[in-house]
Number of protein chains: 2
Amino acid sequence: MATLQDVADAAGVSRSVASRVLTGDTRARVSEATRTRVRDAAEALQYVPSHRARALRFRRSGAVGLIVPDVTNAVFADMLGGVQDRAREAGMSVLLGQVDPPPSGHGRLRELVAAGRVDGVLLQRREDLDDAALAQVLGDDVPVVLINSRLPGRAGSVVLDDVAGARLATRHLVELGHERIGHLAGVPHHDTAVRRHQGYLETMAEAGLTVAPEWVVRAGWEAAAGAAAVPLILSAPRRPTALVVSSVNAAVGAVSALGRAGVRVPEDMSVVTVLDTWVAQAWNPALTTVRLPLRELGRTACGVLIEHLGGTPLRDLVVADPAPRLVLRESTRAL
Amino acid sequence: MATLQDVADAAGVSRSVASRVLTGDTRARVSEATRTRVRDAAEALQYVPSHRARALRFRRSGAVGLIVPDVTNAVFADMLGGVQDRAREAGMSVLLGQVDPPPSGHGRLRELVAAGRVDGVLLQRREDLDDAALAQVLGDDVPVVLINSRLPGRAGSVVLDDVAGARLATRHLVELGHERIGHLAGVPHHDTAVRRHQGYLETMAEAGLTVAPEWVVRAGWEAAAGAAAVPLILSAPRRPTALVVSSVNAAVGAVSALGRAGVRVPEDMSVVTVLDTWVAQAWNPALTTVRLPLRELGRTACGVLIEHLGGTPLRDLVVADPAPRLVLRESTRAL
DNA sequence: GAGGTCCGGGCAATCGATTGCGCCGGTAGA
DNA sequence: TCTACCGGCGCAATCGATTGCCCGGACCTC
């Protein structure tokens, strides 16, 4: 816990010189002998510059806040890895946060930033937070990058190429010869859910296939939601032979529910899902999925924020590289 | 981004007075009129005290570091919730960290704390980090609380009641009439794995059941490890009729592998596992598990650290409340 | 010999909040 | 009238690191 002053004393110089030597200030004129003395002293004392002091001086905390609705979500976990990586590269830390919906969460983001705990925020929006509420949670002068949703003008954003992902999943089923293809979508107003549904609809239209209203269930992202959607699908007059499920967790729930209902996957029903986590691979049958670059999503979002803190304007990006890729496993088969 | 000085100016007083009013210093003699002026000014300017400045002054960052080997693990996720809760109560933040094994990770923890980014660290040890390596990663003067492992004298610790958990799981199988009960354990030197194995062995002994060496496979915590262990179990001369699996992720892998091998669960093989996450519930068959209080684990660990920062000595605790509880689902049945 | 230049470093302000101590004016008690 | 005391508030140091500016001496040049 040595301070710069301690190092300076040990080296017999002033703080100024010690600082200039240790920060590698080349413009400073300091003799090589002195430089060595300072560096040796720093090493001997195990000097580590105080982040607190630097934060105060530079008006920068060197941390980004990561605010997510649910940390138990595997999707979040994969993304987190990317955020961490990017933050590390920039020498920054990641602070985990929670923000309640308004009114209790009102202004919290602003506080977080105003208090200087973090320099900016990565925000994954809760499903139930609409645009107005979101705008309220955001302050005016808080650097925010939204993950998987958008709010043009108020924040930057980075989203997956959800349309392409859903198209790929749907096309896979079409190519297998399925014609009655259902869709377990996310909640209605969620950005991501909307885009994935769009990809599904587009592909169906292009293939000249019709979509019966009862084939589309707007459930949610979780396993329970996927399971709950199954009876609705099965009771449809013309039962689909295949399903596109918008999220891997919901797919897991759906496949289980299908099994319980005596519907075999893939013999009686093909299931393809979007997002690829370890759960999809571990399942029996292993789930055919479309892999979207979650890690890259986190990395890019963090990058947009960090660059913005460096002066670049906030941006709205789609993570299209690496492109969505179909991971063929056991849950789909030709009709 | 108003500072205390701004508030003071607006209220027509000095910084000192503004500070005393806003911090609610009762010993300070300030007239009620002045107090009101200051408070109004603070509100009008949306004053939020700078965390950076306070951190410097108090030599406290107000954050704890949470260092885990793998954030994609559902076990981690549940625990994280508890850590967050406890930190919030204390007005602290949670900083996510990563620490590589020595030599590259050597001294990193010390740096983290010495630099003042965090006041202390919660550390969930990597499976492959032995005691010596762990001691090296730790500095000398870093407040550390280990989660699910121990290193007496060097750090505090909080662990689950793994023995009781494994006993409960094993006893459940015994009561169902099983006599040949196998165990998919974690890696050999891992604290948690050792304790769970102990619970298994104790219960088997108490029930007067023998344990054939080939019934015990020291695999790992992940789905792949569980799947890989299955062939070994199935090829045993006297095949077990039931399995205790030490971790829910491994159990998922094992059950899938059993299914592929044509072994039905629970008809041909009962499987009970320790730890209860959403995956266990979503599976088909839904897994019978022993629920251990993961959230409470995180909360307690964070509490030990925070209390230590407040002056209390570090402690070594076992989270025994709520007690391990058997969650009966579909993966076990009477012999 | 006077003035200029370069070298090697130190002084002190700054970032924002907290806090021990001291100052000033008024009132009460002696 | 003088002293003591108290209410109300400001001064300035402190927490560490950074950085613009200045200073003293050596050396050089005209």
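**Figure 1. A:Asn148 in the loop between E4 and E5 of chain A.** In this predicted model, A:Asn148 counts as buried, with 23 C-beta neighbours inside 10 Å; the cut-off for buried is 20 or more. The residue belongs to the loop between strand E4 (144-147) and strand E5 (156-160) of chain A. Although A:Asn148 is not a glycine, its phi is positive, at about 65°. Most residues other than glycine have a negative phi.

**Figure 2. A:Gln46 in the loop between H3 and H4 of chain A.** A:Gln46 is not a glycine, yet has a positive phi of about 55°. The loop that holds A:Gln46 runs between helix H3 (32-44) and H4 of chain A. A:Gln46 is partly exposed: 14 other C-beta atoms lie within 10 Å, and this class falls between the cut-offs of 12 or fewer for exposed and 20 or more for buried.

**Figure 3. A:Gly208 in the loop between H9 and E7 of chain A.** Helix H9 (191-206) and strand E7 (216-218) of chain A flank the loop in which A:Gly208 lies. Is A:Gly208 buried or exposed? A:Gly208 counts as exposed because it has 8 C-beta neighbours inside 10 Å, and the cut-off for exposed is 12 or fewer. A:Ala11 is 197 residues from A:Gly208 along the chain, and the C-alpha atoms of the two residues are separated by 80 Å.

**Figure 4. The cis peptide bonds before A:Pro322 and B:Pro322.** A:Asp321 and A:Pro322 are joined by a cis peptide bond with omega of about 0°. A:Pro322 sits in the loop between strand E11 (316-319) and strand E12 (325-327) of chain A. In chain B, the peptide bond from B:Asp321 to B:Pro322 is also cis, with omega near 0°. B:Pro322 is in the loop between strand E11 (316-319) and E12 of chain B. Most peptide bonds are trans.

**Figure 5. The open six-stranded sheet of chain B.** The strand order is E7-E6-E8-E9-E10-E12, and the pairing is mixed. Strand E7 (216-218) and strand E12 (325-327) of chain B are the edge strands, each pairing on one side only. From one strand to the next, the twist averages 20°. At the E12 edge, strand E10 (residues 288-291) of chain B pairs with E12(B) in the antiparallel sense over three bridges. B:Arg291 stands opposite B:Arg325 of E12(B). Helix H9 (residues 191-206) of chain B lies across strand E6 (181-185), strand E8 (242-245) and strand E9 (270-274) of chain B, and runs at about 170° to E6(B).

**Figure 6. The two-fold relation between chains A and B.** A turn of 180° with a shift of 0.0 Å along the axis lays chain B on chain A with an RMSD of 0.1 Å. The two copies are thus related as by a two-fold rotation axis. In chain B, the C-alpha nearest the axis belongs to B:Leu95, 2.2 Å from it.

**Figure 7. The contact between chains A and B.** The contact takes 39 residues from chain B and 39 residues from chain A. On the side of chain B that touches chain A, at least two residues come from each of H4, helix H5 (74-89), strand E2 (93-97), helix H6 (108-114), helix H11 (248-260) and helix H12 (278-282) of chain B. Which element gives the largest share of this side? H5(B) does, with six residues. By class, this side of chain B has 21 nonpolar, 13 polar and five charged residues. The copies meet through the same surface, because 100% of the interface residues of chain B are also interface residues in chain A. Strand E2 (residues 93-97) of chain A pairs with E2(B) in the antiparallel sense over three bridges. A:Leu96 has B:Val94 as its bridge partner in E2(B).

**Figure 8. The surface near DNA strand D.** DNA strand D is surrounded by 27 residues, the closest being A:Leu4, A:Ser16, A:Ala53, B:Ser14 and B:Ser16. Helix H1 (4-11), helix H2 (15-22) and helix H4 (51-58) of chain A, with helix H2 (15-22) and helix H4 (51-58) of chain B, each give two or more residues to this surface. H2(A) gives the most, five residues. The surface near DNA strand D has nine nonpolar, 10 polar and eight charged residues.

**Figure 9. The surface near DNA strand C.** Around DNA strand C there are 27 residues, the closest being A:Ser14, A:Ser16, B:Leu4, B:Ser16 and B:Ala53. H2(B) gives the most to this surface, with five residues. The residues near DNA strand C divide into nine nonpolar, 10 polar and eight charged.

Methods: Residues numbered from 1 in each chain as written. Chains lettered and ligands numbered in written order. Predicted model: local features only at pLDDT ≥ 70, side-chain atom pairs only at ≥ 80, totals over all residues. Least-squares fit on C-alpha atoms with pLDDT ≥ 70 in both. Contact = placed C-beta atoms within 7 Å. Near = placed C-beta within 6 Å. Helix = DSSP H or I, 4+ residues; strand = E, 2+ residues; numbered from the N terminus. Nonpolar A, V, L, I, M, F, W, Y, C, P; charged D, E, K, R; others polar. Pairing = 2+ DSSP bridges. Axes fitted to C-alpha atoms, helices over the stretch in contact; angles between N-to-C directions.
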